[in-house]
2 protein chains.
Amino acid sequence: MATHQTTIIDIARALGISKSTVSRALTGHPNVNGKTRQRILDMAAQVDYQRNQLAISLLTNRTGTVGIIVPEFISYFFPKVIIGAQEELARSGYNVVICHSNESYETEVSNAKALLASRVDGLIVSHTKETRNFDHFKIFQRKGIPVVFFNRVCEDMNVSNVTVDDYNGAFLAVEHLIQTGRRRIAHLAGPDTLTNSRNRLNGYRDALTRYGIPVDPELIISYDLNLDKANIYVNHLLNLPNPPDALFAINDPTALEALSVAKRRGIRVPDDLALIGFSDDPISAVIEPGLTTISQPVTELGQQAAQVLVRQLLTKEDEFQPERVVLPTNLIIRGSTVK
Amino acid sequence: MATHQTTIIDIARALGISKSTVSRALTGHPNVNGKTRQRILDMAAQVDYQRNQLAISLLTNRTGTVGIIVPEFISYFFPKVIIGAQEELARSGYNVVICHSNESYETEVSNAKALLASRVDGLIVSHTKETRNFDHFKIFQRKGIPVVFFNRVCEDMNVSNVTVDDYNGAFLAVEHLIQTGRRRIAHLAGPDTLTNSRNRLNGYRDALTRYGIPVDPELIISYDLNLDKANIYVNHLLNLPNPPDALFAINDPTALEALSVAKRRGIRVPDDLALIGFSDDPISAVIEPGLTTISQPVTELGQQAAQVLVRQLLTKEDEFQPERVVLPTNLIIRGSTVK
DNA sequence: CTGTTAGCGCCTTCAT
DNA sequence: ATGAAGGCGCTAACAG
C-alpha cells in the first residue's frame with residue numbers, strides 16, 4: 001500500500017522554481033522572497049506536504065530520537081517513568097521510541113540492535129532480570145551514543161545512572177518493623193542480577209545488625225519475581241518451625257501475594273504477621289488492610305534520567321563524566337504493620 | 001556527541017573491494033564469493049557494523065514501523081493493548097513507535113505529524129476525549145497510509161476499527177442490576193465525544209426500556225472522566241430527593257471513586273447502593289467489596305487491531321475494504337452488587 | 001534572492 | 001562474482 005509522498009521537488013516543479021528555494025522557504029531561511037515564500041507555503045499546505053524526517057536524519061546524522069527500553073510496562077511503575085522522561089525529552093526537542101523487553105534477554109538485545117539501526121541519539125534503559133552480559137549496550141558507548149541506566153543499573157559500565165535509594169528504603173522498612181516490636185523478620189528478595197534487589201537486601205541486613213538482631217539465612221529467600229511462585233515461598237516461610245513475625249518483600253506485588261496467602265491461612269495481619277512492600281503500588285492504598293510500603297518518586301526518576309541524558313547529548317565526548325543520581329525513598333505506614 | 005558510524009564504504013575500503021559487494025554480502029545476496037563473504041562478515045562484526053535503517057527506508061520508501069497513539073498509559077488498559085499489538089506486529093516484522101497524547105488534542109495532532117514525518121507504514125489510534133476534528137488522521141488516509149482505530153473510534157472516516165461490544169456490555173450490566181432488584185439505576189457516563197461512552201449510554205437506556213423502567217434524565221450524568229470530579233457527581237446523585245439504588249459507572253476508576261464516597265457517607269454497598277463498573281481494573285478484584293464490572297479482552301483488542309492493520313498493509317489501495325471488528329464483553333459479578 | 005551541485009548510506013540495475 | 005553509477009529526499013555550501 002505504499003504510495004508516493006509529496007516532496008519538495010514536486011512543489012518546486014509545480015511552481016517552476018528550484019527545490020533549494022522550496023527547502024529554504026519551508027525551513028524558514030531568511031533569504032527567500034516574501035511572495036515566493038507564500039506561494040510555496042500555500043502549495044505545501046494544499047498538498048499536505050510533510051518533510052521526510054528520514055532524509056533529514058540521514059543528512060544531519062541526528063534523528064532527534066531517544067530510545068527507552070524497559071523490562072515491562074504493565075505495572076504502573078515503568079509507564080510513569082516513561083511519562084516523566086518523555087515530558088522532559090520533549091522539552092528539549094527529542095522524540096521517544098519505547099521498547100519493552102518483556103524481561104527477556106534476547107528481546108532486549110534485539111531491541112538494542114533495532115534502536116542502533118534506527119540511529120537513536122541516546123538510550124535510557126532498565127535492563128531485564130536475565131541480563132548478565134551488557135555487550136549490546138557497550139556498543140552504544142563505543143559509538144559515542146549516550147546511555148543512561150535507571151532503576152536497574154549496570155555497575156561495571158562507565159555510564160550515568162539514576163536510581164532511588166533502595167538501600168535506605170529497605171533500612172527504613174526493617175527499622176520500622178523492629179520499632180513496632182518484630183524480631184523474626186523475613187525477606188523475600190529479588191534475583192541478585194538486579195542492583196536494586198542487592199541494595200535492598202543490604203539495607204535489610206544492616207538494619208537488623210544495627211539493632212542487634214542476628215541475620216538468619218533461613219529467613220532470606222531470593223526469587224525470580226515470577227509472581228506465581230511467590231505464594232510457595234511465603235508458605236514455606238510460614239511453615240518454618242520458628243516462623244517469622246514479619247515479612248519485608250522486594251516489591252508490593254510480592255507483599256500483596258503474601259497478604260493473600262496470610263488471609264487464606266487465617267493468619268492475622270498485622271497481629272501475627274506484619275507485611276511491608278516496596279514501590280507503593282496503587283493497589284496497596286486500597287486493599288484491606290492497607291499495605292505499608294516504601295514509596296519512590298517515580299515520575300521524577302524518568303525526568304532525571306532524561307535530564308542526565310540531555311546534558312550528555314550536549315557534551316563533547318572527551319569531556320564526558322558519568323553522573324550518578326540517587327533519589328530519596330519514603331516510608332508509608334499503613335495497616336499491614338500497625339493497627 | 002554525534003560520531004561517525006561505520007558504513008559499508010568503510011568496510012569496502014578496509015578490504016579493498018567495492019561497496020556493492022559488501023552490500024550484497026551483508027544482505028545475503030547469493031552472488032558473492034564464499035571467502036569474500038566471510039571476510040566481509042568478519043570485518044563487519046569486528047567494527048560493530050549496524051546497517052543504517054534510515055538510508056534503507058529512504059531508498060525503499062518503507063520504514064517497517066507502525067505508530068500507535070493512545071490517550072494515556074497509566075491505567076493497565078492501554079499498556080496491555082499495546083503489548084498485544086506489538087507482539088502481533090513483531091510477528092509480521094514491524095517495529096512500533098508509541099506516542100501518548102495525554103488526552104490533549106494538540107499533542108495528538110503533533111504526534112500524528114511526527115509519525116507522518118518519520119514515515120510510519122501504518123497507524124493504530126485511540127483518540128483523545130477532546131478530539132472532534134479528525135483532519136490530522138485523514139491526511140494519512142489521503143496518503144494511502146492505513147489507519148486503524150480501536151476502543152475510541154471515528155465514525156465518519158472510512159477506516160477499519162476494532163472495539164469491544166460496549167453496547168451489550170452496558171446492557172448486561174444494567175440487566176444484572178434490574179435482575180437483582182434495583183429500579184432507580186443511575187448512570188455516570190463519559191463525554192459524548194467518545195463512541196464507547198455513547199454506546200454504553202445506549203445500552204443502559206435500552207436495558208431499562210426493555211424491562212419497562214422509565215429512563216429518568218435526572219439519573220444520567222455525563223462527565224469528562226476527570227476523576228477528581230467524579231465524587232462531586234456521585235454526591236449529587238446521592239443527595240437527590242429520590243436517590244438511586246444503583247449506579248452504573250462508565251469505567252472502573254469512576255465506580256471505585258463512587259465506592260469510596262459511599263463508604264465515607266456510611267452507605268452500605270451493595271445493600272443501599274449497588275455499584276457496577278466497566279473494564280475490570282485489577283483493583284476491582286482486590287477491593288472490599290469486590291467491584292462487579294464488565295470485562296473486555298484487552299490483549300486481544302491490540303492483537304486484532306494489529307492484524308487488521310497488517311492485512312491492510314498487504315492490500316492494494318483500490319481493493320481496500322474497511323473492517324469492523326467487535327469483541328465480546330462479559331459480566332463479572334462481585335460483592336458490589338450481590339451479597 | 002535564486003539555482004546548481006554534492007553528498008548523507010544504502011540497494012539495485014547494468015555492465016564487465 | 002564484482003564494480004560503477006544512479007537515486008531515495010533533503011540541506012548546505014557555492015555561484016551567480
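**DNA strand D**

I began with the residues around DNA strand D, of which there are 26; A:Ile8, A:Lys19, A:Ser23, A:Tyr49 and A:Leu59 come nearest. I note here that this is a predicted model, and I read every distance below as a computed value from that model.

Next I looked up which part of strand D faces the protein. Of its atoms within 4 Å of the protein, 54% belong to sugar or phosphate, and the rest to bases.

I then went through individual atom pairs. A:Tyr49 has a side-chain N or O atom 2.3 Å from a phosphate oxygen of DNA strand D. For B:Thr21, a side-chain N or O atom is 2.8 Å from a phosphate oxygen of DNA strand D. B:Arg24 addresses a base instead: a polar atom of its side chain lies 2.8 Å from a base nitrogen of DNA strand D.

Which helices supply the surface near strand D? I found H2 (19-27) and H4 (53-60) of chain A, and H2 (19-27) and H4 (53-60) of chain B, each with at least two residues. H2(A) has the largest share, five residues.

**DNA strand C**

I repeated the search for DNA strand C. It is surrounded by 25 residues, and the closest are A:Ser20, A:Leu59, B:Ile8, B:Lys19 and B:Tyr49. Of the strand C atoms within 4 Å of the protein, 54% belong to sugar or phosphate and the rest to bases.

The pairs I noted for strand C use backbone atoms of the protein. A backbone N or O atom of A:Asn33 lies 2.8 Å from a phosphate oxygen of DNA strand C. For B:Ile8, a backbone N or O atom is 2.7 Å from a phosphate oxygen of DNA strand C. At B:Ala55, a backbone N or O atom lies 3.3 Å from a base nitrogen of DNA strand C.

I checked the helices again. H2 and H4 of chain A and H2 and H4 of chain B each give at least two residues to the surface near DNA strand C. H2(B) gives the most, with five residues.

**Residues 6-60 and the ends of H4(A)**

I looked up the annotation for the start of chain A. UniProt, in an unreviewed entry, places "domain: HTH lacI-type" at residues 6-60. In the model that stretch of chain A is 69% helix and 0% strand, with its end C-alpha atoms 21 Å apart.

I looked at both ends of H4(A). At its start, a side-chain oxygen of A:Asn52 reaches to within 2.9 Å of the backbone nitrogen of A:Leu54. Just after the helix, A:Asn61 takes a positive phi of about 60°.

**Helix H10(A)**

I moved on to H10 (residues 227-238) of chain A. The helix has 12 residues and reaches 17 Å from first C-alpha to last, close to the expected 16 Å. Which of its residues are buried? I found A:Ala230, A:Val234, A:Leu237 and A:Leu238. Seen down the axis of H10(A), the buried residues fall within an arc of 90°, so they line one face. On the other side, A:Asp228 and A:Ile232 are exposed.

I listed what the buried residues of H10(A) pack against: strands S6 (185-189), S7 (220-222) and S8 (246-249), and helix H11 (252-265), of chain A.

**A:Arg264**

I ended with A:Arg264, which sits in H11 of chain A. Is A:Arg264 buried or exposed? I count A:Arg264 as exposed because its relative accessibility is 58%, and the cut-off for exposed is over 50%. Leaving out residues up to four places away in sequence, A:Arg264 touches A:Asn231 and A:Glu257. Its side chain also makes a polar contact of 2.6 Å with the side chain of A:Ser260.

Note on methods:
Residues are numbered from 1 along each chain as its sequence is written. Chains are lettered from A and ligands numbered from 1 in the order in which they are written. This is a predicted model: local features need pLDDT of at least 70, side-chain atom pairs count only at pLDDT 80 or more; totals for chains, interfaces and linings use all residues. Side-chain values use heavy atoms; hydrogens and water are left out. Helices (H or I, at least four residues) and strands (E, at least two) are DSSP runs, numbered from the N terminus. The expected span of a helix is 1.5 Å times one less than its number of residues. Buried means under 20% relative accessible area, exposed over 50%, partly exposed in between (1.4 Å probe, protein chains only). The arc is that of the directions from the helix axis to the C-beta atoms. Contact means heavy atoms within 4.5 Å. UniProt positions are given in the numbering used here, feature names are shortened, and annotations may be inferred rather than shown by experiment. A residue is near a molecule or strand if one of its heavy atoms lies within 4 Å of it. A polar contact is a pair of N or O atoms within 3.5 Å; within protein, one must be able to donate a hydrogen and the other to accept it, and residues adjacent in sequence count only if both atoms are side-chain atoms.
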